[in-house]
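Biologist: Got a few minutes to go through this one with me? I'd like to ask about it piece by piece.

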Amino acid sequence: MLVMARPFPTLDIVPVSAPLRGPAAVVAYLLATARTNGMRINRTKLAKLLYLADLRAVERGFPPGSGVEWRWRHYGPHSLRLAEVEHDLSEAGVIEVEEKTDPFAGYRECTVHLINAPQVVIDSEFAEIVNGVLAEYGRWSAGQLREFTYQTPPMQEAIKRKQRGVRLDLAGGPPLPDLGSGLARLRAWAERNPLPDDEPGGVDDLVEESRRLAEHRAEATRHLLEE
């Protein structure tokens, strides 16, 4: 079931007029719920929390709700689609990404701040799963979440096969085949081989055959009515 939800009430944030859907809605909902509970979210935490929510949904017999594809990339499960979602939400004025470099550790951290309160269209059951994941893991550090996701069955299967970059099977099975190249070849073939027009006389032949069988159909119908 899809629900319209405004995740949290605020006085200092102006709502976005059009409701968000798909991955953008899920990301905004997670950030809004995290903000309500005083949780700090960076890019790594966002990806890992969404992955854990999808994993929990599949474990409960539901489809994954994030709308993104998970692969084994650097630092565990990740989706390149999240960069597109981040860009779209930034352009829409929903989020702001703050980049800081830790002067002692030397690494860059990108914190994601929700600066607008959008309405979102999100599956109610998946929203509850996101709530549960945040309650359980939302205060973990990015490093803790990264290490934890490495221990999940989909990642363990990919690691066992040493197949970095593969699509993860959230049901815990072997990594899924990558259909991208095959689909690209099929699209190219379809472009080179457009559907032909109807052959001359093709429809006329069907009409003629139907006419020739009309008397036999009528005779069969009479027999059925007499019986």
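**Around a loop residue, and on from there**

Modeller: Sure, and let me kick off with Glu-69, which sits in the loop between α2 and β2 (71–73). Keep in mind that this is a predicted model.

Biologist: Is Glu-69 buried, exposed or partly exposed?

Modeller: Its relative accessible area is 38%. Buried would need under 20% and exposed over 50%. That value falls in between, so Glu-69 is partly exposed.

Biologist: Which residues does Glu-69 touch, not counting residues up to four places away in sequence?

Modeller: Tyr-51, 18 residues apart from Glu-69 in sequence, has its C-alpha 9.5 Å from that of Glu-69. The contact list for Glu-69, with the sequence neighbours set aside, has other names on it: His-78, Ser-79 and Arg-167.

Biologist: Let's move to the fold. In what order do the elements run from the N terminus on?

Modeller: There are eight helices and six strands to place in the chain. Reading from the N terminus, the order is β-α-α-β-β-α-β-β-β-α-α-α-α-α.

Biologist: What share of the contacts with a separation of 6 or more comes from residues 24 or more positions apart?

Modeller: For context, the chain has 227 residues, and 37% of them are buried. Among the contacts with a separation of 6 or more, the share from residues 24 or more positions apart is 65%.

Biologist: On to α3: where do its buried residues lie around the helix?

Modeller: The buried ones are Leu-82, Val-85, Glu-86 and Leu-89. Looking down the axis of α3, they fall within an arc of 100°. An α-helix has 3.6 residues a turn, so residues three or four places apart point the same way. The buried residues of α3 therefore line one face of the helix.

Biologist: And which exposed residues are on the face of α3 turned away from its buried side?

Modeller: The buried side has cover that includes α1 (22–36), α2, β3 (76–78) and β4 (95–101). The face turned away carries the exposed residues Ala-83 and Glu-91.

Biologist: Which residue has a positive phi although it is not a glycine?

Modeller: Gly-93, which follows α3, has a positive phi near 75°, but that one is a glycine. Most residues other than glycine have a negative phi, and most peptide bonds are trans. In the loop between α6 (153–160) and α7 (180–192) there is a residue that counts as exposed at 74% relative accessibility. With a positive phi of about 55°, the one you're after is Lys-162.

Biologist: Now the largest pocket: which element gives the largest share of its lining?

Modeller: The pocket has a volume of about 720 Å³. Elements giving two or more residues to its lining are α2 (43–59), α3 (81–91), β5 (108–114) and α5 (142–150). The largest share is six residues, and it comes from α2.

Biologist: How many of the 31 lining residues are nonpolar?

Modeller: The lining also holds six polar and nine charged residues. The nonpolar ones number 16.

Biologist: Last one: is Cys-110 buried or exposed?

Modeller: Cys-110 lies in strand β5 and is listed with Asn-42, Arg-43, Thr-44 and Lys-45 as nearest the centre of the largest pocket. Beyond its close sequence neighbours, its contacts are Asn-42, Arg-43, Val-97, Glu-98 and Glu-99. Its relative accessibility is 8%, and the cut-off is under 20%, so Cys-110 counts as buried.

Note on methods
Residues are numbered from 1 along each chain as its sequence is written. This is a predicted model: local features need pLDDT of at least 70, side-chain atom pairs count only at pLDDT 80 or more; totals for chains, interfaces and linings use all residues. Side-chain values use heavy atoms; hydrogens and water are left out. On a 1 Å grid over the protein atoms alone, a cavity is a set of points where a 1.4 Å probe fits but cannot get out, and a pocket is an open set with protein on both sides within 12 Å along at least five of seven lines; lining residues have an atom within 4 Å of a point. Grid points are joined across faces, edges and corners, and a volume is the space filled by probe spheres set on the points. Helices (H or I, at least four residues) and strands (E, at least two) are DSSP runs, numbered from the N terminus. Ala, Val, Leu, Ile, Met, Phe, Trp, Tyr, Cys and Pro count as nonpolar, Asp, Glu, Lys and Arg as charged, and the others, Gly among them, as polar. Buried means under 20% relative accessible area, exposed over 50%, partly exposed in between (1.4 Å probe, protein chains only). Contact means heavy atoms within 4.5 Å. The arc is that of the directions from the helix axis to the C-beta atoms.
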